[in-house]
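User: I would like to learn how to read the environment of a bound ligand and the empty spaces in a model. Could you take me through it step by step?

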Amino acid sequence: MGVTAKKPYQLVSKENLKVYSTVKVGQAIFGGEEVQIIAGPCAVESREQILSSAAAVAIAGGKLLRGGAFKPRSSPYSFQGLAEKGLELLNEASKRYSLAVVTEIIDEYSLAAAKDAVDMVQIGARNMQNFNLLKLVGKSGKPVILKRGLSSTIEEWLLAAEYIMAEGNCQIVLCERGIRTFEPATRNTLDLSAVPIVKELTHLPVIVDPSHATGIRNLINPMSKAAIASGADGLLIEIHPNPEKALCDGAQSLNLSQYEQLIKELRPVANAVEKRLGKPGMTKLGGN
Ligand code: PEP
Ligand code: MN
C-alpha cells in the first residue's frame, strides 16, 4: 500500500518534529551554531587536578567541564572514583571558572547525589540499556548525555533515548563513543557515519567522544576535526594536567597544552561547516 512503517521511537524521531531541538546547559546550547566542547579528566582525582583542568577549559572558551565521580570500571580493582568528594570538587571548579559540569551516574544512588550538584548527567556506554536508569533520568528532568552502547545499533541507541523522553525529559544529547569491532588497533571503532545518520533520524543533538572511541591520544586531534566536519554538535574530550599519572584513561587524555592547541586547530574546521567554537576568554574567570 506504499505505507512506510513508523519508527519505533516516535518521540525522538524527526518524523514528528521536523526542526532540530536544542539542549541548554549553563551557558552552552547544544544543537545550535556553536560546537560545544566538553572537556575534563576521566575521573576527578584531586582538587589541584580538577581546578587546573577547569582553568584550561575556561581559557579555551569551553563552557562545560566533565569529570567522573562514580566510575563504572571494567575491573573491580580499578579506581572507582571519589564519589561525593568528587562532586564537591566539581562544584568548586564550576563556581570558580563559571563552567557547567557534567558527571556520569551509574545507579539511583549516584543520580540522587549528582542531581543537585551538577548541571548535566551522563549515562555511559555500559549503562545505555539499563532501562531502569533511563527511566529514572527521564523522571529527573536533568539534561543528559546518552552514550552509545559498546555493541549497540543506532536503533537500540535511539530506543534508549526514547525511554528517557517517554518519561518527559527532552533534554537529551546523544554521544557516539565508538563501538566494538574486530579491529584491535584502536580501543573501539569510531562510527562517524552515525553522526549524519542520527541527524537524519532524530531531532536530537549529537556529539562525538574521540577519547573513548580511539583510546589513543594522538588520534584525538584528527578524529575531532572529522567529527566536526561530519556535523557533530559537540565533542567530549578527556584532558589531564599529567596524563602519565592519571588514575584512569591517561593514554587517551590530552595534556593541557595539547588541548589548547587542539582548540586552535578546530576553530577553522568549525567555520568551514558554518559553525563556530566558543570565543576564548569569553568565560569569566572568578575567584583566586
Ligand atoms: C567516560 O566518559 O569516562 C566513560 C566511562 O565513557 P564510556 O561510557 O563511553 O566508556
Ligand atoms: Mn574515561
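Analyst: We can begin with proximity: a residue is near a molecule if one of its heavy atoms lies within 4 Å of it. Here ligand 1 is surrounded by Cys42, Arg66, Lys71, Glu104, Gln122, Gly124, Ala125, Arg126, Lys147, Arg177, His212 and Glu238. This is a predicted model, in which local features need pLDDT of at least 70 and side-chain atom pairs count only at pLDDT 80 or more, while totals for chains, interfaces and linings use all residues. Residues are numbered from 1 along each chain as its sequence is written, ligands are numbered from 1 and chains lettered from A in the order in which they are written, and side-chain values use heavy atoms, with hydrogens and water left out.

User: Which side chains have an N or O atom placed at 2.9 Å or 3.2 Å from an oxygen atom of ligand 1?

Analyst: A polar contact is a pair of N or O atoms within 3.5 Å. The side chain of Lys71 has such an atom 2.9 Å from an oxygen atom of ligand 1, and for the side chain of His212 the distance is 3.2 Å. Glu238 also takes part, with a polar side-chain atom 3.3 Å from a ligand oxygen. On its own ligand 1 has 300 Å² of accessible area, of which the protein covers 97%, as computed by the Shrake-Rupley method with a 1.4 Å probe.

User: How is the shell around ligand 1 divided by residue class?

Analyst: Asp, Glu, Lys and Arg count as charged, Ala, Val, Leu, Ile, Met, Phe, Trp, Tyr, Cys and Pro as nonpolar, and the others, Gly among them, as polar. The shell holds seven charged, three polar and two nonpolar residues.

User: In which pocket does ligand 1 sit?

Analyst: On a 1 Å grid over the protein atoms alone, a pocket is an open set of points with protein on both sides within 12 Å along at least five of seven lines, whereas a cavity is a set where a 1.4 Å probe fits but cannot get out; lining residues have an atom within 4 Å of a point. A molecule sits in a pocket if more than half of its atoms lie within 2 Å of its grid points, and ligand 1 sits in the largest pocket. That pocket holds about 250 Å³ of space, a volume being the space filled by probe spheres set on the points. Of its 20 lining residues, Pro72, Arg126, Arg187, His212 and Asp249 are the closest to its centre.

Notes:
Polar contact = N/O pair within 3.5 Å; in protein donor to acceptor, adjacent residues only side chain to side chain.
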